[in-house]
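This explanation leads through a predicted model, taking helix packing first, then a pocket, and finally an unusual peptide bond. Please keep the structure in view while reading.

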Amino acid sequence: GSTFEVYFPAADAAPAEVEAAPAAARPAGGGSETILLVEDDAAVRAVTRAVLEAGGYAVAEAGGAAEALRVAGGHPGPIDLLVTDVVMPGPGGPELADRLRAAGPGLRVLYVSGYTADAVVRRGADTAFLAKPFTAAALAGKVREVLDRPGGA
């Protein structure tokens with residue numbers, strides 16, 4: 001039941017044209033690889049998917065580990081990268097990654113979480129992690145970085 005009134009100063013001139021963002025401010029990288037996105041929060045999953053698709057990636061998505069295993073099992077081609085939340089109901093991201101890597105060695109993994117990276121970092125020094133909340137540019141850059149690593153890290 002609150003009422004707000006906002007007053008803006010009057011302008012005599014027409015607004016200036018807005019220039020396109022400079023290239024440095026745009027999300028870095030992009031590609032054509034296939035990414036399996038696993039995130040239990042539907043809103044976060046939708047935004048993350050949109051960012052990845054805008055980068056040119058093919059995205060398969062799942063709301064949890066069990067669904068991700070079904071999606072991966074039914075996917076017609078290779079999955080190049082797993083982007084997964086660390087903490088989810090049921091099996092978490094690390095358990096999911098272990099199961100998917102057992103079926104397809106060389107799968108690259110990027111963990112995302114709003115929690116501390118300690119639990120993920122203990123898995124190995126080369127474990128890729130992105131803290132939530134993240135920007136579109138940070139996600140795009142980290143995805144490209146992980147995909148470009150030699151040896152399927």
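The account begins with two helices, α2 (residues 65-74) and α3 (residues 93-103), whose axes come within 10 Å and cross at roughly 20 degrees. Angles under 35 degrees count as roughly parallel, and α2 and α3 are therefore roughly parallel to each other. In handedness, the crossing in which α2 passes α3 is right-handed. On the α2 side, the residues that meet α3 are Ala 65, Ala 68, Leu 69 and Ala 72. Their partners in α3 are Leu 96, Arg 99 and Leu 100. By class, this contact consists of 6 nonpolar residues and 1 charged residue, with no polar ones.

These two helices also take part in the largest pocket, where α2 and α3 are the elements that give two or more residues to the lining. The space in this pocket amounts to about 180 Å³. Its lining is formed by Leu 36, Leu 69, Ala 72, Gly 73, Gly 77, Pro 78, Ile 79, Leu 100, Ala 103, Gly 104, Gly 106 and Leu 107. Helix α2 provides the largest share of that lining, with 3 residues. In terms of class, 8 of the lining residues are nonpolar and 4 are polar, while none is charged. Leu 69 and Ala 72 of α2, together with Leu 100 of α3, belong to the contact of the two helices, and these residues are also among those that line the pocket.

A second helix pair is formed by α1 (residues 42-54) and α5 (residues 136-148), which pack with their axes 10 Å apart and at an angle of about 60 degrees. That angle makes α1 oblique to α5. The crossing of α1 and α5 is right-handed. Here Thr 48, Val 51 and Leu 52 in α1 meet Ala 136, Leu 139 and Val 143 in α5. The contact holds 5 nonpolar residues and 1 polar residue, and no charged ones.

The last feature lies in the loop between β5 (128-131) and α5, where Pro 133 is found. Most peptide bonds are trans. The bond that joins Lys 132 and Pro 133, however, is cis, with omega at about -5 degrees. Following the chain through this loop leads from β5 to α5, the helix that packs against α1.

How values were computed
Residues numbered from 1 in each chain as written. Predicted model: local features only at pLDDT ≥ 70, side-chain atom pairs only at ≥ 80, totals over all residues. Heavy atoms only, no water. Axes fitted to C-alpha atoms, helices over the stretch in contact; angles between N-to-C directions. Helix = DSSP H or I, 4+ residues; strand = E, 2+ residues; numbered from the N terminus. Parallel < 35°, antiparallel > 145°, perpendicular 65-115°, else oblique. Left-handed = near helix turned anticlockwise from the far one by under 90°. Contact = heavy atoms within 4.5 Å. Nonpolar A, V, L, I, M, F, W, Y, C, P; charged D, E, K, R; others polar. 1 Å grid on protein atoms, 1.4 Å probe; cavity = no way out; pocket = protein on both sides within 12 Å on 5 of 7 lines; lining within 4 Å. Points joined across faces, edges and corners; volume = space filled by probe spheres on them.
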